[in-house]
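Me: Please look closely at a single part of this structure, namely the place where its two domains meet. I would welcome one connected account, suited to a first-year student.

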Amino acid sequence: MSALPSSHVDAGRLQRRFEALSAIGATAAGGVDRQALSAADAQAQALLIGWGSARGFTAAHDAAGNLFLRRTGTHPLEPVVMSGSHLDSQPTGGRYDGAYGVLAALEALEAMEDAQLACSRSIELVAWMNEEGSRFAPGMMGSAVLAGVRTLAQTLCVADVRGVTVESALRALKQTLPALADRPFSAPIHAYVEAHIEQGPVLERLGIPLGVVTAIQGKHTFRVDVHGEAAHAGTAPRSQRRDALLAATAMVQALSAALEDDRDEVKFTVGRFTVTPNAPSVVPRHVSFSIDLRHPDTELLRALSARVAPICEAMRGSCEVSVERLVAADAVAFDAGVRERIHAAATHLDVQILDMPSLAGHDAGIVSRIAPAGMIFIPCREGITHHEEESAQMPHMVDGTRVLADVLYTLAR
Ligand code: GLV
Ligand code: MN
Ligand code: MN
């Protein structure tokens, strides 16, 4: 019998689980809509809990709605090794973003069971609450609470566009699930490793099956509220209008002109734009829009971020504007020791692996504030992601899972 779990990774089981999970929240165009704390998210959690309990893994929630499955070690008081990702998706999300890392962690735990490899440390699979931040902003909510970046109180009161709070959505979700143990936020973590699709084109173009993530670019997000005044579209003279939509679009144009660079390194996105009352014959009285601003250089990102509010203020015309920064996440460099372990495991399995940064955000970046963390990337088709056509190949999913299994085992053994 092999002394490492990778040889027990079961591609057929991983494939069947992937198909079962992809069916939850499936969209007609082949993606998923499984937004945080929705009925589909609850169904996905129930499926995961069922798979885990069939193997004797203990399920628990923490107060932020992060879900854990623990394979208990022989020294259960030692800090745990943790691995996972997220089950929630964008409203028109792909099947792999997040789901792959959760299923890879489950398969790694099962491979250890099948290989009868006891570990000294417990290993916890985690499915983080609301990584995507589409229903409730900002994203990476669950990991941020666990890592002490945001408080639980700040998180529970966040509401979606219908006014449903995280607190009430979480209560409703828990009511659909069996009663689970409570996991304290303070339980120490020895190391965290997350597997994920690359969400970029690099590995596919180079024909390299795996990446070890060196760093994650920084991300600042904002909510901008522009307040004008409703008026009749036919009768109100232009000189008297306070049109929130015209002010907001001027702000967006000015921001994109001022922040974007020729090298295409600054990433500036307005992904949500809400007009009130949104009626064809009423001058808009309120616009709310989101800003997602990213750059790999923390100092530059901070400098760009500091320009957002003054630019909005300069373009407000006769309207009022308020700018709230929701997230100010610096660029993250991953732990050299965890990266080295990922390299060593890939090399031992004779799988080529590339050092690369991540342009997308991940819970691993948040966890790296409180524990050594790292990530394994697999290629995805043409870098298509946050899109229903997102796609990855099973042999790469298996390679990533085999490396993950050996890394988790060597960390926990
Ligand atoms: C994660 O989904 C991100 O937006 O980077
Ligand atoms: Mn993701
Ligand atoms: Mn995502």
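Reply: In this predicted model, the centres of domain 1 and domain 2, taken over C-alpha atoms, are separated by 33 Å. Ten residues from domain 1 and eleven residues from domain 2 take part in the contact. As for where these domains lie along the chain, domain 1 is made of two stretches, 5-217 and 332-412, while domain 2 covers 219-329.

The extent of the meeting can be expressed as an area. About 750 Å² is buried between domain 1 and domain 2, and carbon and sulfur atoms give 52% of this area. On the side of domain 1, the residues that lose the most area to domain 2 are Ser-134, Pro-138 and Gln-217. Together, Ser-134, Pro-138 and Gln-217 account for 55% of what the domain 1 side buries. One of these residues, Gln-217, also stands at the end of the stretch 5-217 of domain 1.

The chemical character of the contact may be considered next. The residues of domain 1 that touch domain 2 divide into five nonpolar, three polar and two charged. Between domain 1 and domain 2 there are zero salt bridges. One residue pair, with both residues at pLDDT 80 or more, is in polar contact between the two domains.

To set this part in its context, the open and enclosed spaces of the structure may also be described. The second largest pocket has a volume of about 190 Å³. It is lined by 15 residues, and those closest to its centre are Arg-70, Pro-76, Val-80, Glu-124 and Ala-187. By class, nine residues of this lining are nonpolar, one is polar and five are charged.

As for enclosed space, a search of the whole structure finds one cavity of 30 Å³ or more. The largest cavity has a volume of about 50 Å³. Among the residues that line the largest cavity are Leu-37, Asp-41 and Gln-45, together with Gly-65, Leu-87 and Asp-88. The lining of this cavity also includes the residues Ala-127, Trp-128 and Met-129.

In summary, the contact between domain 1 and domain 2 buries about 750 Å², with zero salt bridges and one residue pair in polar contact, both at pLDDT 80 or more.

Methods. Residues are numbered from 1 along each chain as its sequence is written. Chains are lettered from A and ligands numbered from 1 in the order in which they are written. This is a predicted model: local features need pLDDT of at least 70, side-chain atom pairs count only at pLDDT 80 or more; totals for chains, interfaces and linings use all residues. Side-chain values use heavy atoms; hydrogens and water are left out. On a 1 Å grid over the protein atoms alone, a cavity is a set of points where a 1.4 Å probe fits but cannot get out, and a pocket is an open set with protein on both sides within 12 Å along at least five of seven lines; lining residues have an atom within 4 Å of a point. Grid points are joined across faces, edges and corners, and a volume is the space filled by probe spheres set on the points. Ala, Val, Leu, Ile, Met, Phe, Trp, Tyr, Cys and Pro count as nonpolar, Asp, Glu, Lys and Arg as charged, and the others, Gly among them, as polar. Domain bounds come from an automatic or database domain assignment. Contact means heavy atoms within 4.5 Å. Buried area is the accessible area (1.4 Å probe) that two parts lose on being put together, summed over both. A salt bridge is a side-chain nitrogen of Lys or Arg within 4 Å of a carboxyl oxygen of Asp or Glu. A polar contact is a pair of N or O atoms within 3.5 Å; within protein, one must be able to donate a hydrogen and the other to accept it, and residues adjacent in sequence count only if both atoms are side-chain atoms.
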